[in-house]
Structure formats: structure tokens, C-alpha cells
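Colleague: Please take a close look at one part of this model, the open sheet, and describe how its strands are arranged and what lies across them. Add a few notes on individual residues elsewhere if they can be supported.

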Amino acid sequence: MLPWSVFPRSASVSDAAEPEAETSEPSGRELSDEALVEELLTAVASARSFQEFRRSQRKECFGLLRWLQLVLPLIQEIRETAPSLTDDAYRRLAILGRAFQAARRLLRCCHDGSKIFLALESEAVLGRFRAVYDKMNLALDGMPYSEIGISDEVKEQVELVSAQLKRSKKRTDTQDMELSMDFMMILQNEDGNADRAILERLAKKLELQSLADLRAETMAIKKLINERNGQQPESTKHIIELLNKFKEIAGIDEKNILGDVSIPKYLEKCPSLMIPNDFLCPISLEIMTDPVIIASGRTYERRSIQKWLDAGQRTCPKTQQPLAHLSLAPNFALKNLILQWCEKNKVEIQMGESEPATEQEERKEDIPSLVKDLSSVHLDVQRKAAKKIRILSKENPENRAVILENGGLPALISLVSYPDKKIQENTVTALLNLSIDETSKVLIAKGGAIPLIIEVLKNGSVEGQENSAAALFSLSMVDENKAAIGILGGIAPLVHLLRDGTIRGKKDASTAIFNLILNHPNKFRAIEAGIVTVLLKILGDKKLGMIDEALSIFLLLASHPSCRSEVGSTSFIEILVQIIKEGTPKNKECALSVLLELGLNNNSLMVHALGFGLNEHLSDIAKTGTSRAQRKANSLIQLSHKCS
């Protein structure tokens with residue numbers, strides 16, 4: 001009997017169980033046939049959006065995702081043929097829909113739930129997986145394929161899934177005995193002086209060693225406690241004790257760094273929302289409203305990193321590397337991405353200091369006169385108007401709409417080429433702010449702004465160049481604009497900014513380049529502009545902290561046959577192997593992806609990698625790396641056997 005098997009089943013586990021018995025059947029037809037099928041496809045897509053999972057359930061999660069992928073063709077074929085569903089077919093698809101929803105909730109729990117809780121309650125969580133398998137099998141076993149016109153190929157595939165689901169029900173997974181014994185030793189140690197070696201081993205296995213990981217775990221446990229609402233106090237006590245021990249061995253002063261954790265209001269309203277990790281501050285784990293870049297190249301919420309620095313810290317919280325300076329550079333590109341995402345998902349967050357509604361209305365009423373002032377014959381009037389329009393366009397979508405309604409867009413575009421660099425800077429930034437809205441991206445491009453923004457990127461002030469790069473990135477979210485920016489000569493100056501710009505400029509340039517080279521012709525333009533040499537220089541500058549960004553661009557270049565020869569040199573292969581050997585987990589993951597892309601298309605490069613000692617690192621990453629890194633490492637191991 002494992003030490004945590006005596007814990008009562010928690011609310012988080014039991015709440016996910018369906019309210020009805022597993023074999024119950026839906027009564028009546030609440031949805032039309034077409035709506036039911038669309039709901040099934042949406043549920044699968046939502047479940048498959050989770051790709052990273054807690055280590056304790058990782059294998060089971062990937063197995064469930066694989067089965068969802070194999071069942072998907074059945075639903076897609078039903079949508080294409082649009083048969084009239086019999087009562088039996090409708091009933092089975094409705095049950096399948098409930099299974100998909102349960103799978104989505106379970107995968108989300110294993111994606112961002114408390115790592116300590118999931119390890120302690122592993123048996124109960126496994127029971128949830130088996131309940132999903134039962135429900136899927138109940139729906140698929142005996143599905144009337146002939147009645148709904150399913151092809152033999154899809155029928156055979158789904159029947160194979162059904163057979164596998166039956167076998168999985170009988171399977172008993174072997175638990176990690178070392179993990180269970182470590183938990184037993186810690187929980188049975190009543191004097192509180194647990195063996196440090198055991199704690200360090202547990203922290204490594206649960207991936208709870210860094211500040212960011214422990215901060216995320218604290219929030220997950222806070223959410224768990226709220227869900228339990230005072231129930232299972234003994235289990236909760238053990239979880240909190242373990243968390244505090246992990247913080248202690250990591251040398252974290254909770255009072256100064258972590259403090260009390262509260263769940264943001266936007267998460268309370270939208271608990272199932274998938275927030276991109278890059279939008280969350282690594283310290284506060286909340287959506288950033290004022291993201292800034294520090295000397296290490298990492299981005300944090302201004303308030304959080306300032307508090308860290310004010311406490312006397314002189315290292316990057318995430319990488320622990322010493323900071324060359326303490327200046328904070330605004331990350332406008334990321335801020336605009338966050339604003340776009342929040343608007344799209346109807347998430348309300350407080351951007352900076354709020355002001356009374358009356359003042360906001362008064363400022364909004366000023367917009368028509370400000371737009372008129374943009375065309376003034378007096379330079380100082382134009383300067384002031386451009387600066388105020390820049391500020392107002394940043395604040396909210398209502399202001400942006402009023403600016404457009406009053407002819408602000410053509411007035412701003414006409415000023416971008418004005419010789420006064422401050423006016424250039426403010427108008428380009430105002431266009432960047434306006435481009436947050438999808439329709440404005442098209443209007444800005446049609447208004448002829450792209451070549452003017454590129455000119456500021458080449459010859460503007462430092463801030464003007466940085467914001468021009470951010471504006472081009474924002475505009476490039478539209479595919480037609482990607483092509484236009486490339487044709488109009490935007491790639492080369494972005495590469496130059498990536499080479500010679502400030503840290504913020506390099507970040508903005510790399511983000512824009514990555515998005516632009518999703519367009520194939522832009523890959524060649526980047527190669528011609530010398531991006532390979534620039535990226536290699538970035539890889540050699542560890543203090544810059546842009547290895548992941550550089551490797552991500554390399555991966556896109558390596559995916560195109562005509563660019564692969566420019567990227568795939570033996571010297572670059574040696575650099576990749578070195579990163580795989582010494583880099584951060586994310587660095588290794590990116591480097592493995594690039595090497596696999598190159599190696600699959602050129603076996604001689606793989607032979608060179610093996611000559612640089614690749615093999616000795618692959619087996620370790622295949623066991624201890626991130627889930628994506630493990631998959632890439634296993635693929636490279638198979639490829640190395642063919643090349644040996």
C-alpha cells in the first residue's frame with residue numbers, strides 16, 4: 001500500500017466524474033445531428049490543444065491523445081457525408097462527446113494542476129483515465145458503421161482503437177517505486193528534518209526546482225485548496241508541507257519572493273482558458289500588462305521585476321545569471337500580442353493605472369481635434385498631437401475606433417515620412433497600437449504605410465526602429481502583409497536590427513523575422529540578408545539570452561529544402577551538439593528539433609553530429625528532458641542507428 005493511497009479522494013478528482021452512471025444514455029436529442037458532430041470536433045480540438053503534461057501522468061496523457069487522434073477521422077467522415085443519424089448512432093456519438101469533454105478536463109488537470117497533488121493522488125487520477133476509456137469504448141463498441149456510411153478504412157481503425165481501449169482497462173501500470181518510497185520517507189518523518197538528498201531527488205523528479213516552477217506550483221495548490229473548500233485537511237496539509245520543503249531546499253525566501261498567491265479575476269471567470277505561457281510573468285504568473293526586458297533578455301511584468309531589483313537582487317530570476325545593468329526596456333511587441341489575445345478571448349485585465357471614467361470620456365472627445373492637429377502647419381502642434389494620439393491609441397479599443405472614424409489613419413500615415421524623427425517615432429508607434437485590431441492591419445497596409453514603416457526601420461531613431469519592427473510583426477499576422485513586407489524590402493533591415501540593435505530591438509526583430517519567414521520567399525530574402533551569420537553570433541552570446549529565438553528561426557529555415565544547404569554546415573552541427581550538451585532544457589529541445597530536421601534530410605550531417613559526441617547525451621535527454629525533447633531525442637537515436 002503506497003503512503004498516499006489512504007488519502008480521501010479529493011474534490012478535484014471526484015468533481016471531474018460524470019454525474020450520471022458510466023453506462024447511462026442521453027435522453028432525447030438536445031442538438032441537431034450537425035451541431036452534435038461540430039461539438040465533437042470542437043471537443044477533440046480543445047483536448048488536443050494540451051501538449052505538455054506533468055511527469056507523473058505524461059505517458060497516460062500521450063496515450064489518450066493518440067486515441068483521440070485515431071478516433072478523429074470517424075467524426076470528420078460523418079461531417080463530410082452528413083448522414084441522417086439513427087437513434088443508436090446519435091446516442092453513441094453523444095456518449096462519445098461526454099467522453100471527449102471528460103478527456104479535456106483530465107488533460108487540463110495533468111497540464112497545469114499541482115504536481116505534488118497529481119503524484120500523491122496518482123491512483124485516483126489513473127481511475128479517471130480508465131473512466132474515460134470506459135466511456136469511449138461504450139460509444140465505439142458496436143457503432144453502426146453501415147448506417148452512417150463510414151468507409152472500411154476508418155471502420156477498421158476505430159475498431160482497433162476499441163480493442164486497445166478494452167486492453168487498457170485491464171492493464172495495471174507499474175508505479176514509480178522510487179518516487180513512492182521517497183514520499184513515504186518524507187511523510188513519515190515527523191521531526192521535519194527530512195533527508196535533503198531525498199528532497200532534492202523528489203524536487204528533480206517533480207520538476208520543482210526553479211523559481212518559476214515553484215511559483216506555478218504555489219498557484220496550482222492555492223487553486224486546489226479553494227476547490228476543496230476545507231475538505232481533505234490531512235491531504236492538503238501534506239501537500240503544503242512538501243511545497244514548503246521544496247522552497248526551502250531551493251533557497252527561496254517566500255516572504256520576499258513569492259508572497260501570498262491569489263487567483264486573478266480573469267481566471268476565476270474563465271477557469272478553462274488556455275493562456276499562452278509567454279504572456280505570463282515568470283514571477284507573478286499573471287498576464288503581463290507592462291512587460292519589460294531585462295539585461296538577460298528575459299521578459300517580466302514591470303512591477304514584479306522592479307520589486308525583485310528593489311530587494312537588492314542582481315540576477316535574472318529565471319536564469320540566475322548576473323545582470324550587466326538594471327535598465328528595463330518595454331516589450332511593445334509582446335504587449336500588443338497580449339492585448340490582441342485579450343480582446344479576442346474577451347479577457348479583461350487592468351492595463352496600468354486606471355483613471356475615472358469621466359476623464360477617459362473627456363480624452364476620447366479630444367480625438368477629433370487631435371486628428372485635425374496632425375495636419376497643422378505648425379510643427380510643435382503636430383508633435384503634440386502625434387504624441388497624444390500615440391498615448392490614446394494604446395489605451396483601449398474605443399479610442400482606436402474613434403481615431404479611425406475621424407480620419408486618423410491617413411493623417412498618421414502621411415506623417416510617418418516626415419523628417420522630424422520624434423514625429424516619425426510617435427506616428428509609427430500609434431500605427432503599431434492601431435494594428436492591434438485585425439481590421440486595422442489590412443487598412444494600414446492598404447493605406448501605403450508598410451514602405452514608410454520600413455524606411456523608419458532603416459533610418460529612424462532607436463525607439464523608432466524598435467517600434468517599426470514591432471509594427472511590422474503585428475501587421476505580418478495577416479498573410480498578405482507577410483508577402484508585402486518581404487517584397488517591399490522589410491527583411492534586410494530587420495536582419496540588420498537583429499545584428500546591431502539594442503536588446504529590445506533584437507527581440508522585436510527576431511519576433512518579426514520569425515513570423516515573416518513563415519512565407520517561403522521571405523526565407524530566401526533572410527538568407528540573402530545574411531541572417532545565418534547573425535544568428536550564429538547570437539548563439540555565441542549566452543548573456544544575450546536569445547538562443548531559443550535563434551534556434552526557432554533556424555528551424556524554419558531548415559524546413560525548406562533550398563535554405564537547408566545554407567544552414568547545414570559542420571560548424572553549425574558542432575554548435576548544436578554543444579547546446580544539447582550544456583544548454584537549458586528549452587535550449588536542448590530547440591537544438592534537437594533543428595538537428596533532427598537537418599539530419600533527416602542529410603545523413604552526413606547526422607554522422608558529423610555523432611562524431612562530436614551526440615550519442616552520449618541523447619539517452620539522458622530521452623529519460624529526463626522535456627516531453628518534446630524526449631520525443632526528438634528518441635527520433636534522433638533511431639536515426640543514429642541508421643547512420644552508424
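Modeller: The open sheet has three strands in the order β2-β1-β3, and the pairing is antiparallel. Its edge strands are β2, residues 299–301, and β3, residues 329–330, each of which pairs on one side only. The model is a predicted one, and the description of the sheet should be read in that light. Strands of a sheet pair through backbone hydrogen bonds, in either a parallel or an antiparallel sense. Here β1, made up of residues 291–293, is joined to β3 in the antiparallel sense over two bridges. Within the sheet, I293 is placed opposite A329 of β3. Helix α14, residues 302–310, lies across β1, β2 and β3, and runs at about 95° to β2.

As for individual residues, two cysteines can be taken together. C316 has a relative accessible area of 0% and therefore counts as buried, the cut-off being under 20%. C342 is also buried, because its relative accessibility is 6%. A search for disulfides over the whole structure finds zero.

The last residue to note is S162, which sits in helix α7, residues 152–170. S162 has a relative accessible area of 6%, so this serine is buried. With neighbours within four places in sequence left aside, the contacts of S162 are with N137, L140 and D141.

Methods. Residues numbered from 1 in each chain as written. Predicted model: local features only at pLDDT ≥ 70, side-chain atom pairs only at ≥ 80, totals over all residues. Heavy atoms only, no water. Helix = DSSP H or I, 4+ residues; strand = E, 2+ residues; numbered from the N terminus. Buried < 20%, exposed > 50% of the residue type's maximum accessible area, 1.4 Å probe, protein only. Contact = heavy atoms within 4.5 Å. Disulfide = S-S within 2.5 Å. Pairing = 2+ DSSP bridges. Axes fitted to C-alpha atoms, helices over the stretch in contact; angles between N-to-C directions.
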